[in-house]
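Please look at the sequence and the model below before reading on. The paragraphs that follow are meant to be read with both in view.

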Amino acid sequence: MVNQKEQLIQAIGEKELEILSRNHEIGKYESNISDTIRYVSFKFSLQKNDQQYFGQPNGVYDFSKNDPKEAGQKVKRLNEMKDKMGKQLNSKAMDMLSTQEDRFQNVMDKKSMVEEDRSKILSVIEELDLKKDQVIREAWDKVNHDFNSILNSLLPSAEAKLMPVEGAEYLQGLKVKIGFGGIWKESLDELSGGQRSLVALSLILAMLLFKPAPLYILDEVDAALDPSHTQNIGQMLKAHFKQSQFIVVSLKEGMFNNANVLFRTSFVDGMSNVSRTTYSNKNQ
């Protein structure tokens with residue numbers, strides 16, 4: 001019994017020593033954990049509200065599963081790898097990167113300028129298209145009106161107009177329509193040769209009248225016309241072209257009667273002779 005008691009006392013003493021040793025190790029680990037927490041907090045500037053989770057089992061900051069010594073060795077190895085990789089990198093890479101970034105920014109600035117210029121050009125094109133349509137429409141209306149007025153003065157019963165081709169807009173082309181007494185002809189082929197000549201002359205003069213010139217020269221435009229139509233041409237020129245002068249070559253008296261100044265040419269004794277006659281009672 002005495003021996004058993006002594007053995008128990010000895011065993012209890014050994015256990016107490018073991019407990020003290022374990023407590024010392026626990027204190028050492030707690031100290032290491034505290035040091036690790038301070039190091040991490042200092043190194044990575046962790047927020048204070050995260051510190052309450054430090055050391056909690058199975059948490060994000062469970063440092064008991066990580067040996068600080070091993071972690072330090074790992075950090076050392078990583079730093080060595082970083083230094084080794086740094087030596088292998090091109091030292092001019094950052095300068096090259098900076099240069100390329102500057103070039104990229106320059107290209108992007110130019111791209112923005114081009115896009116802005118493109119937008120302005122498209123705006124100008126749109127504005128010009130609108131003005132073009134407006135000018136063409138005004139020209140069409142003016143020529144259309146003068147075309148009808150001139151032809152009606154040459155052929156009192158005639159009407160004329162320019163209209164778009166069927167199924168198309170006026171910008172795609174216009175065709176000539178002629179009518180007599182309210183009845184419109186299907187084709188110009190239904191007109192006589194003299195009527196077609198007057199239609200052509202009326203259209204040309206209507207286009208000239210859109211922007212009148214100070215001087216015109218007409219060479220025997222009445223050659224294929226009857227004397228009555230020739231007389232009408234002279235009267236029409238006086239009525240529609242009051243701000244312009246005409247030099248008209250003609251062989252018919254109907255045209256002479258509307259002249260302010262008449263130059264007659266004749267062939268006498270093998271020589272050309274020119275005489276000038278002024279009609280002072282004619283309207284200028």
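What follows turns from the confidence of the model to its core and then to its aromatic rings.

This is a predicted model, in which local features need pLDDT of at least 70 and side-chain atom pairs count only at pLDDT 80 or more, while totals for chains, interfaces and linings use all residues. Residues are numbered from 1 along each chain as its sequence is written, and side-chain values use heavy atoms, with hydrogens and water left out. The chain averages a pLDDT (the predictor's confidence in each residue, from 0 to 100) of 79, and 71% of the residues score at least 70. Among the elements of the chain, helix α1 (residues 2-44) has the lowest mean pLDDT, 61, and β4 the highest, 91; helices (H or I, at least four residues) and strands (E, at least two) are DSSP runs, numbered from the N terminus.

The largest nonpolar core (buried Ala, Val, Leu, Ile, Met, Phe, Trp, Tyr and Cys residues joined through side-chain atoms within 4.5 Å, where buried means under 20% relative accessible area with a 1.4 Å probe, protein chains only) has 28 residues, and F147, L151, I178 and I233 have the most contacts inside it. Domain 1 (106-211) and domain 2 (213-283) both give residues to this core, so it lies between them; the domain bounds come from an automatic or database domain assignment.

Y216, F241 and F246 form one aromatic cluster, with rings counted as paired if their centres (for Trp, of the six-membered ring) lie within 6.5 Å, and as stacked under 30 degrees between planes, edge-to-face over 60 and tilted otherwise. The rings of Y216 and F241 have centres 5.6 Å apart and planes at 75 degrees, so this pair is edge-to-face.

Methods. Buried < 20%, exposed > 50% of the residue type's maximum accessible area, 1.4 Å probe, protein only.
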